[in-house]
Amino acid sequence: MNKHFMLTSESVTEGHPDKLCDLISDAIVDGFLKNDPSTAITAECAVSTSIVFIAAMFESNIMIDIANLARKVIHGVGYHKKAFNDKTCSIITSIRELPQGKYRHFDENNMSESEIDDMIVKNSVTTFGFACNQTPSFMPLPIWLAHTIARRLTTVRRDNIMSYISPDSKIQVGVEYEDRKPKRVHSIIVQVCQNEADIPPLKQLKEDMREIVLWPVFDSEGIKPDNKTRIFINPDGQSIAGGPALHSGLTGRKKAVDNYGGYSRHTDAALSGKGPLRIDRVGAYMARYAAKNIVAAGIAAECETQISYSIGLSRPVSIQVDTYGTGRVSDEEIADLIKIHFDFRLPAILKKFRLRHLPSKHHGVFYQKLATYGHIGRVDMELPWEATDKICVLTQR
């Protein structure tokens with residue numbers, strides 16, 4: 001990436017069909033783990049006009065009503081209109097209950113070093129973590145702004161301040177960089193779906209979007225739109241209802257939205273719909289944890305961690321670091337620090353973050369909250385992988 005560039009990042013609200021699928025998939029993960037933390041679960045969802053398809057494969061001591069859970073999610077998102085709603089949509093499930101095995105039956109809190117080392121991963125994957133000092137959340141500014149606008153849109157809809165918009169909206173923010181630092185907001189694009197045609201007219205929609213959504217968001221931001229910032233409201237024309245009635249959705253299709261908005265590399269695998277026994281999900285959280293602590297410790301202004309796993313092994317086969325030239329020491333030295341102070345083995349990650357017990361701790365709703373507005377860099381949730389508790393050990397010389 002050059003020192004001078006412009007980067008755009010996208011976020012979507014909870015009613016976007018892809019995000020609706022992520023919400024349903026993670027609600028299923030929560031539903032199983034709430035009452036059986038040892039559950040091994042993967043769940044995927046696809047939606048289209050009046051149809052929801054769910055495929056789930058699990059090994060657990062319990063059973064949950066997956067179809068009913070999906071209807072609750074759809075209702076909670078706000079789809080109550082005739083075009084698509086929780087009462088009339090058809091839900092098709094393909095459920096496979098796996099035979100009881102031994103892989104999930106272990107207590108990560110009481111395992112010896114040799115037992116942790118014997119716990120191999122079941123997936124081959126390269127996970128990426130990233131952090132930078134552009135925002136207080138250690139996230140790149142474009143995705144931070146896009147998520148903040150998306151959350152504001154959801155708030156004003158739910159509070160009936162802008163009751164005419166549907167749950168489905170898309171936001172894109174472009175930021176110009178100079179010497180790898182955010183310089184100005186280049187562009188803001190908001191595409192919202194309205195419940196009814198021409199209510200309100202486009203002129204009123206644009207005015208409301210600026211006064212009720214955009215300006216309040218930028219009130220607390222250091223970099224604000226200027227007189228050259230290009231702002232587009234519904235540039236693609238009017239969209240009615242939105243959601244599955246307008247376009248289809250699939251679990252895991254918004255990977256850049258879930259991660260770093262395209263500023264850095266991200267894990268190729270989907271994050272939502274997988275229980276914490278899947279290293280392709282929890283490894284991404286651990287990679288972020290390492291990168292964030294490096295930046296928080298002042299060792300680099302930007303840090304990307306790359307952690308590669310192979311089936312049949314417990315430890316990563318490769319740990320690499322790229323600080324884009326911002327490190328106070330070499331990338332190789334930072335990688336060595338990470339190898340010393342961070343344990344990337346699956347049971348160690350589960351123990352450090354208590355990932356199998358978070359749904360029960362949060363009354364059955366934890367992973368579902370991650371499905372929208374990013375799995376990374378959240379300031380509205382107390383996420384264990386967002387802690388900066390390694391600063392002291394990383395700065396000891």
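Before I turn to any residue, one cut-off is needed: a residue is called buried when its relative accessible area is under 20%, exposed when that value is over 50%, and partly exposed in between. What we have in front of us is a predicted model, and I will begin with a glycine for which that definition matters.

G312 sits in the loop that joins strand 13 to strand 14, and because its relative accessibility is 35%, G312 counts as partly exposed. Leaving aside residues up to four places away in sequence, G312 touches I120 and V121. Its C-alpha atom also lies 6.7 Å from that of K122, although G312 and K122 are 190 residues apart in sequence.

The two strands on either side of that loop belong to an open sheet of 3 strands, arranged in the order 7-13-14 with antiparallel pairing. Strand 7, residues 125-132, and strand 14, residues 318-322, are the edge strands, each of them pairing on one side only, and from one strand to the next the twist averages 15°. Between strand 13, which covers residues 302-309, and strand 14, the antiparallel pairing runs over 5 bridges; Q306, for example, has Q320 in strand 14 as its bridge partner. Lying across strand 13 and strand 14 is helix 8, residues 331-341, which runs at about 135° to strand 14.

Let me move now to helix 5, which takes in residues 202-218. With 17 residues at 1.5 Å a residue, helix 5 should span 24 Å, and the distance of 22 Å between its end C-alpha atoms therefore agrees with that expectation. The helix is nevertheless bent, by about 35° at R210. Which residues of helix 5 are buried? They are L205, D208, M209, V213, L214, V217 and F218. As general background, an α-helix has 3.6 residues a turn, so residues three or four places apart point the same way. The buried residues of helix 5 pack against helix 4, residues 141-158, as well as strand 9, residues 181-194, and strand 10, residues 230-233.

Finally, I would like to look at E59, which lies in strand 3, residues 51-59. Is E59 buried or exposed? Its relative accessibility is 10%, and therefore E59 counts as buried. The side chain of E59 makes a polar contact, at 3.1 Å, with the side chain of R104. Not counting residues up to four places away in sequence, the residues that E59 touches are T39, A40, L98, P99, Q100, G101 and, once again, R104.

How values were computed:
Residues are numbered from 1 along each chain as its sequence is written. This is a predicted model: local features need pLDDT of at least 70, side-chain atom pairs count only at pLDDT 80 or more; totals for chains, interfaces and linings use all residues. Side-chain values use heavy atoms; hydrogens and water are left out. Helices (H or I, at least four residues) and strands (E, at least two) are DSSP runs, numbered from the N terminus. Buried means under 20% relative accessible area, exposed over 50%, partly exposed in between (1.4 Å probe, protein chains only). A polar contact is a pair of N or O atoms within 3.5 Å; within protein, one must be able to donate a hydrogen and the other to accept it, and residues adjacent in sequence count only if both atoms are side-chain atoms. Contact means heavy atoms within 4.5 Å. Two strands pair if DSSP finds at least two bridges between them. Axes are lines fitted to C-alpha atoms, for helices over the stretch in contact, and angles run from 0 to 180 degrees between N-to-C directions. The expected span of a helix is 1.5 Å times one less than its number of residues. The bend at a residue is the angle between axes fitted to the seven residues ending there and the seven starting there.
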